[in-house]
Amino acid sequence: MTRRKNRKMGSHHPAIIGVGRTKFGEHYEKGPEMLIEEAWLKASESAGIERKDIEACYSSDYFLQLTNKIGIEEGFISEFSELHVPMEKMRSFSSALLNACNGVQSGKYGIVLVGGVEKMTDRWDKIRDDLMLLEDPWSYYAGCTPEANHDLMLREYIKKYKISGTSLETFNLSLAHISVKNHHHAKLNEYAQFQSEVSVDRVLKGRLNAGKSLGLFDFAPISDGATALILASSDITKEYSDAPIWVIGSSSATDYVTFPSRDDRTSFMASTIAMKNALKLADIDVEGIQIAEVYDQSTLLEMISMEDMGFSQRGKAWLHIYNSCKDYEGFYQIDGRRLFVNTNGGLKADGNPLGATGGAQVFEIVKQLKGEAGNRQVNSDGDLEYGCVLELEGFGTKAYVHILARELK
Amino acid sequence: MSSEPIERRVSYIGDRLRGSQCSICGKEYFRTKDYCGKCGRKSFGKMQDIDFFYEKGKLEVCTIVREPTNKFTKLGPYIYGIISFHDEKVRVPGRLTDCILKDEEIDISLLENREVVPRFRRRCATGQSDIIPTISLAFSFADEYYPHQNHEIIKPKKEYETPGIVGYGVYVSKFRIKESAMERSIPFIDEDAITAAVEAGKMALIHSRIDPSLIGKVYVGSESNPYAVKPIASKVAQVLKLGEEEKLDGVQSVDAVDTEFACKAATSMFKDASALVYYPRAHIPYAMVIGTDNSQAAPRDEIGGELDFFVGYGSSAFIFGIHDVIAEIEAWYSCTSDTPDFWRRSLEPYPRHGGRFTGDPAYFKHIQKAARRLMEKLKLQPSDIDYFVSHQPNIRFPIKVATELGFKEDQYSAGLQVAKFGNTYSGASPIGLAAVLDEAKPNEKILIVSYGSGAGADAYCLTTTNQIKEKRSRQKFTVQHQCESEHVEYVNYDTYRRFKLGL
């Protein structure tokens, strides 16, 4: 059997030449088409393209079929955008981006619109049930909730690493700090759902109210929102942009949908594999990554992602986080290196409109790499060269990693 | 969820917790699989059917669910976690049932690593006109009310000339309400007449140790089937794998039928089951009769609400055959008259009854008639009978009828269980019979007389055999255990009504 190794991203390099997004939160007065339009027009404007330049469209949403009774999203997009190009609909934004990259790399498309949207608040009373579609049905039948697997993973983690007593207190505090930190970042993000600080005490009180280890302030909210980006092939980027952001690694991996059936329930195998492969494609080491947007559906998952992606050793991320957050300077300090994580506020505070979430993650890395993040711009040691985005579908069932670079080397 | 094809597939797997094991590498799976992921194509045709229905699991990790999804709201808050079987070879998701979580903080770590037993329950709430979803991914702790018991199958040793009972089981829930002189069993919120029937049948199989595939017919008597049309017996046959299993079609080679005649729906079938196993051309070695009820009663301030002081919840199952009999059926007598003392019209949720009329021309007349005629037939005096059991809608009636028939307290007290469990309708006199069988010695005579409103009575005379003693140790979940267990939990009136209404 031949093994694939070190396959580069091809000669048609995909580059992001424009990004756009809406504010996340509840958009009671806006339908999904108005949200997509806003994000798309912003992205097109920042890319300097016309509608007619778009050769294909990859869109993403999880639940538009349920929330807005739209069965063929592509036709819906075609109708309001008056475009008749090939369109494909994925679940997550990262999945749409990955497929768009494939389209560009193959040489088939020069300019591609990637857009994601979600309108979760339109089904406020049923959306938690809808979210169970992302778990295996047997867990649902047994009474699982969107939060329960996070709680179980936390139990597995502290048992595996024998965290108890004062260590457990520190562990719990480290997760609380993640929420505090993400809210702190979101305060400077005009698009964020929660532009407000929370205190450690408030996070802890949320847990007390919930009567368990993860409470209200540990979980990402229910959100509406849309995001978009314009992807272009290296052949033509110069016509539109002097400083595009290059997608130098694009990878995904898949795991069992049934969480109890996975051998290791203290990490996401899919994240680990996707990151490893993305780094290979990008031809850089993990130490090269200076800024990362990870999928903090809960504070626990931000911590777990740090290990899955190789930033922290297994069983150690919570210590790195705790030590960095005692006097937070805007980054995690890991073995003397700075790593900026979820500088847009993460899913926790920026918001989590599922199909659009990955777009906001990419948006943030693009802005940071371009130095256009305004008062959110990170204080890196040197120039920011590489950033990455981890997006999950389901509870670690699918993982997508995109590595973005300021320059194509 | 309420789509019938999905429900069929989910409950087929989930009710019995069916799985597969690779005979090459030994890897186990929850859910049936045609091949092993580890061994690949070479494992085709080498997968063995297994199931976890009688197994003991371990709760590995868990959490409290205080905000369930919509269909689970009535269950909450509850404990949800991961359960492993067979030394962690298989892991399944599961919910702890039979557990009322109090407001105080719960130390999750005290629940973890404890052994649990699968329980057959309703899965979640559903619309009034939908299929009722069920599952056995509900668990209770093995060291509490419901013990884990192995399910063994052994070859019978002895053939009898007279058919009789070869095994039996009783199931009442651990929840009770205590008012004045009576304690009454009440279902947990995910229980109903169907789940109790399966539990009692399971206990009878554990006690009898017969091969369930040799059961040719199952009768389930009930007046509280949550369906107007759809048998309980089909669920019992499927979950307990009664009759030979036609694996390719998922069909059991068994006849299953529900019967209804108020509280004698089950006892009426004792004679049919006995006759069936006795008839050689039927080729039916065993037949099972279950009486099950989540006894219905209107709330106290409504018409018919008097029953609300007496109703219980429970089920009993009896297996009849001619091998390894523990109590032979000597004779029976049944009588019937069209006496409308208690009834429930279709589409009505609760029964009505004729007040005083239910006692005098109804209950007493029919029971006395049946008992006297049977004793005459067998030329027996009350003093020849060791145990007398009658239908027990309250404490007063069975004592009065026994006394009037000439029985003494030591003859009727063992079979009088109504003060502990309430009136379990179709399960009532059979539970009394089970309590007697739990303690009877060989060669003792039992007279059981059921009563069904509408009205009729069945009297049976049974004689215990030597084998009653040797089989007794097989059952830990005895009537006495269910009555006296330290894990019995008492609830208030509001909880009782809520639980009884169910999901």
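**Reading a predicted two-chain model**

Me: Pro77(B) is placed in the loop between E4 and E5 of chain B. The model is predicted. Is the peptide bond from Gly76(B) to Pro77(B) cis or trans?

Reply: As a general expectation, most peptide bonds are trans. The bond from Gly76(B) to Pro77(B) is cis, with omega near -5°.

Me: Where else should I look, and what is omega near for the peptide bond from Gly454(B) to Ala455(B)?

Reply: That bond is also cis, with omega near 5°. Ala455(B) belongs to the loop between strand E22 (445-452) and strand E23 (456-464) of chain B.

Me: How should I read the backbone of Ser180(B), and what is its phi near?

Reply: Most residues other than glycine have a negative phi. Ser180(B), which is not a glycine, has a positive phi, near 45°. Its position is the loop between E10 and E11 of chain B.

Me: How do the strands on either side of that loop pair, and which way do E10(B) and E11(B) run?

Reply: Strand E10 (residues 175-179) of chain B and E11(B) are antiparallel and joined by five bridges. One facing pair is Arg176(B) with Ser185(B) in E11(B). Helix H12 (residues 493-501) of chain B packs on this sheet, where it touches E10 and E11 of chain B, and its direction makes about 135° with that of E10(B).

Me: What is the strand order of the open sheet of three strands in chain B, and which strands stand at its edges?

Reply: The order is E11-E10-E24, with mixed pairing. Strand E11 (182-186) and strand E24 (489-490) of chain B are the edges; each has a single partner strand, so one side of each lacks a neighbour in the sheet.

Me: Can the same reading be applied to chain A, and in what order do the 11 strands of its open sheet come?

Reply: The order in chain A is E3-E2-E4-E5-E1-E6-E11-E10-E7-E9-E8, and the pairing is mixed. E3 and strand E8 (332-334) of chain A stand at the edges with a single partner strand each, so each has one side without a neighbour in the sheet. On average, neighbouring strands of this sheet are turned by 25° against each other, direction ignored.

Me: Which way do E7(A) and E9(A) run, and which helix packs on the sheet?

Reply: Strand E7 (residues 291-293) and strand E9 (residues 337-341) of chain A run parallel and are joined by two bridges. Ile291(A) stands opposite Phe340(A) in E9(A). Helix H15 (residues 354-370) of chain A packs on the sheet; among the strands it touches are E2, E7 and strand E10 (386-393) of chain A, and its direction makes about 175° with that of E10(A).

Me: How should I read a salt bridge, and what does the pair Asp61(A) and Lys89(A) tie together?

Reply: Side chains of opposite charge can pair when their charged atoms come close. The count over all chains is 62 salt bridges. In the pair of Asp61(A) with Lys89(A), the closest N and O atoms are 3.8 Å apart. Asp61(A) lies in the loop between strand E2 (56-60) and helix H2 (64-67) of chain A and Lys89(A) in strand E3 (residues 87-90) of chain A, so the pair links parts 28 residues apart in sequence.

Me: How many salt bridges does the rule find across the interface of chain B and chain A?

Reply: The rule finds three salt bridges there. One of the pairs between the chains is Glu60(B) with Arg265(A), whose closest N and O atoms are 3.6 Å apart. There are also 10 residue pairs in polar contact between chain B and chain A. The side of chain B that touches chain A draws its largest share, six residues, from E4(B). By class, that side has 19 nonpolar, eight polar and nine charged residues.

Me: What area do the two chains bury, and which three residues of chain B supply more of it than any other three?

Reply: Chain B and chain A bury about 2700 Å² between them, 59% of it on carbon and sulfur atoms. Thr69(B), Tyr80(B) and Arg91(B) supply 21% of the area that chain B buries against chain A, more than any other three residues. In terms of contacts, 36 residues of chain B meet 29 residues of chain A.

Terms used. Residues numbered from 1 in each chain as written. Chains lettered and ligands numbered in written order. Predicted model: local features only at pLDDT ≥ 70, side-chain atom pairs only at ≥ 80, totals over all residues. Heavy atoms only, no water. Contact = heavy atoms within 4.5 Å. Buried area = accessible area lost by both parts, 1.4 Å probe. Salt bridge = Lys/Arg side-chain N within 4 Å of Asp/Glu carboxyl O. Polar contact = N/O pair within 3.5 Å; in protein donor to acceptor, adjacent residues only side chain to side chain. Helix = DSSP H or I, 4+ residues; strand = E, 2+ residues; numbered from the N terminus. Nonpolar A, V, L, I, M, F, W, Y, C, P; charged D, E, K, R; others polar. Pairing = 2+ DSSP bridges. Axes fitted to C-alpha atoms, helices over the stretch in contact; angles between N-to-C directions.
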